[in-house]
Amino acid sequence: MPAQRQLRLGAFMRPVSIHTGAWRYPGAQRDANFNYPALRRYAQTLERARFDAFFMADHLALLNMPIEALKRSHTATSFEPFTLLSALSQATERIGLVATASTTFDEPFHVARRFASLDHLSAGRAGWNIVTTANPDAALNFGRTEQPDHALRYARAREFYDVVTGLWDSWADDAFVRDADSGVYFDPARLHTLDHRGEHLSVKGPLHIARPVQGWPVIVQAGASEPGRQLAAETAEVIFAAQPTLADGRAFYADVKGRMDRLGRNRDHLKILPGALVVVGETAEAARAIRARLDSLVHEQSAIASLSIALGCDASRFDPDGRLPPIPETNASKSSRERVLRLAEEEGLTVRQLAQRLGGYGGLAFVGTARQIADQMQQWLELEGADGFNVMFPWLPGGLDAFVADVIPELQGRGLFRREYEGSTLREHLGLPRPENRHFR
């Protein structure tokens with residue numbers, strides 16, 4: 001009889017809560033995004049609960065919304081991911097540390113070197129979330145006047161992945177002999193120079209840091225568009241998915257895993273983890289009341305600004321009590337736009353109602369008792385809608401503490417989640433193989 005599948009759980013921690021009203025909730029740590037002692041406590045709490053990973057997103061510009069709306073956002077400031085995760089690597093021992101790095105506005109050599117360093121500092125717990133950066137304001141921070149188009153961003157990302165992983169394979173695992181008697185520090189025959197010249201990138205190499213502990217840090221990807229799905233099927237080991245319903249999750253899961261089959265990849269070597277806001281209450285009514293209180297703390301300007309970001313156009317021009325007008329395609333995230341249009345159509349929402357939903361958090365949410373939440377997570381796992389979840393907490397620290405105190409024991413009691421770490425690296429937590437060095441067998 002095959003062993004029971006277990007959930008993989010990451011914690012989405014930048015922002016510390018995805019919900020716009022989180023920082024205003026009674027008892028919330030107002031400055032949690034930029035408070036290292038608080039973030040350290042959260043990481044240690046997650047590790048005690050045996051979470052797979054602490055996941056830190058990143059922004060390369062302020063959110064592109066009017067300042068009157070932006071001033072209400074708790075995501076306006078945060079630590080640079082590598083600085084924070086390097087610090088947290090010394091305050092934790094087992095939990096994985098995943099950071100976002102852009103393939104659009106960074107260079108492969110920088111990304112390869114930073115992640116290799118983090119993997120060594122953490123003894124094999126690093127993960128790279130590959131993003132192509134949809135925010136057009138980011139271009140203005142990197143000497144560009146406009147955002148590269150969607151197709152170009154993904155073409156560069158695919159080549160970028162090849163270069164970064166090639167740089168990680170610069171050294172054989174046994175290259176550093178450090179023989180004091182002979183005076184030989186490393187074996188030159190175990191060093192490979194990449195010498196990459198491609199359509200978008202030219203990188204000589206080699207990387208001047210030893211091969212990462214995990215071989216490669218775990219590869220994470222979040223795109224849901226057609227190019228994003230193909231990139232994930234070809235390269236990713238974890239997908240931070242965003243499907244709002246189980247039916248959507250099952251369709252996405254089947255599509256991406258099917259692409260892997262056609263590519264000859266083992267489908268177990270990719271874990272699909274939808275982001276899920278989890279609101280825990282002693283009763284279902286209490287949980288719904290928490291969610292309602294959170295939503296009530298979202299300011300109208302922030303709600304309209306969130307809708308504008310999702311659609312890639314200025315939603316303040318629309319009649320708030322009317323239906324959405326036709327929305328032209330833009331250079332913003334296509335998958336985000338399509339989700340919003342479908343939500344408005346399926347539920348018949350006015351512009352105002354849609355903005356209020358998105359202004360707090362409009363994605364997948366589990367709201368209920370610990371048992372009800374565990375039931376839903378188990379259903380997603382068993383019906384192949386997910387391999388686990390990137391959990392998002394309604395506010396910190398209370399939402400995190402409630403999940404750890406109530407939901408984790410419920411999942412453990414069902415045999416759906418570990419009681420102890422069985423390995424020490426992020427790859428071992430996720431059941432992923434260590435990649436072979438493509439140059440040294």
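**Exercise 1. Place Val-351: which helix holds it, and is it buried or exposed?**

Start with the secondary structure: Val-351 is found in helix 12, where helices (H or I, at least four residues) and strands (E, at least two) are DSSP runs numbered from the N terminus. Next, check the accessibility. Val-351 has 0% relative accessibility, so it counts as buried (under 20% relative accessible area, with exposed over 50% and partly exposed in between; 1.4 Å probe, protein chains only). Keep in mind that this is a predicted model, with local features needing pLDDT of at least 70, side-chain atom pairs counting only at pLDDT 80 or more, and totals for chains, interfaces and linings using all residues. Residues are numbered from 1 along each chain as its sequence is written, and side-chain values use heavy atoms, leaving out hydrogens and water.

**Exercise 2. Find what Val-351 touches, leaving out residues up to four places away in sequence.**

Use contacts, meaning heavy atoms within 4.5 Å. The list runs Ile-304, Leu-307, Ala-315, Phe-318, Asp-319, Pro-320, Gly-322, Arg-323 and Leu-324. Now pick out Gly-322: its C-alpha atom is separated from that of Val-351 by 6.1 Å, with the two positions 29 residues apart along the chain.

**Exercise 3. Which residues of helix 12 are buried, and what do they pack against?**

Walk along residues 351-360: Val-351, Leu-354, Ala-355, Leu-358, Gly-359 and Gly-360 are buried. An α-helix has 3.6 residues a turn, so residues three or four places apart point the same way. Then look across the packing: the buried residues of helix 12 sit against helix 9 (284-296), helix 10 (300-311) and helix 11 (334-347).

**Exercise 4. Classify the ring pair Phe-55 and Phe-240.**

First, the rule: rings of Phe, Tyr and Trp (its six-membered ring) pair if their centres lie within 6.5 Å; planes under 30 degrees apart are stacked, over 60 edge-to-face, and the rest tilted. That gives 22 aromatic pairs. For Phe-55 and Phe-240, the centres are 5.0 Å apart and the planes at 85 degrees, so call the pair edge-to-face. Now place the partners: Phe-55 is in strand 2 (residues 53-56) and Phe-240 in strand 8 (residues 238-241), so the pair links distant parts of the chain, 185 residues apart. Both Phe-55 and Phe-240 are buried.

**Exercise 5. Do the same for Tyr-161 and Trp-216.**

Here the centres are 6.2 Å apart and the planes at 85 degrees, so the pair is edge-to-face. Tyr-161 belongs to helix 6 (residues 150-168) and Trp-216 to the loop between strand 6 (202-203) and strand 7 (218-221), so parts 55 residues apart in sequence get tied together. Both Tyr-161 and Trp-216 are buried.
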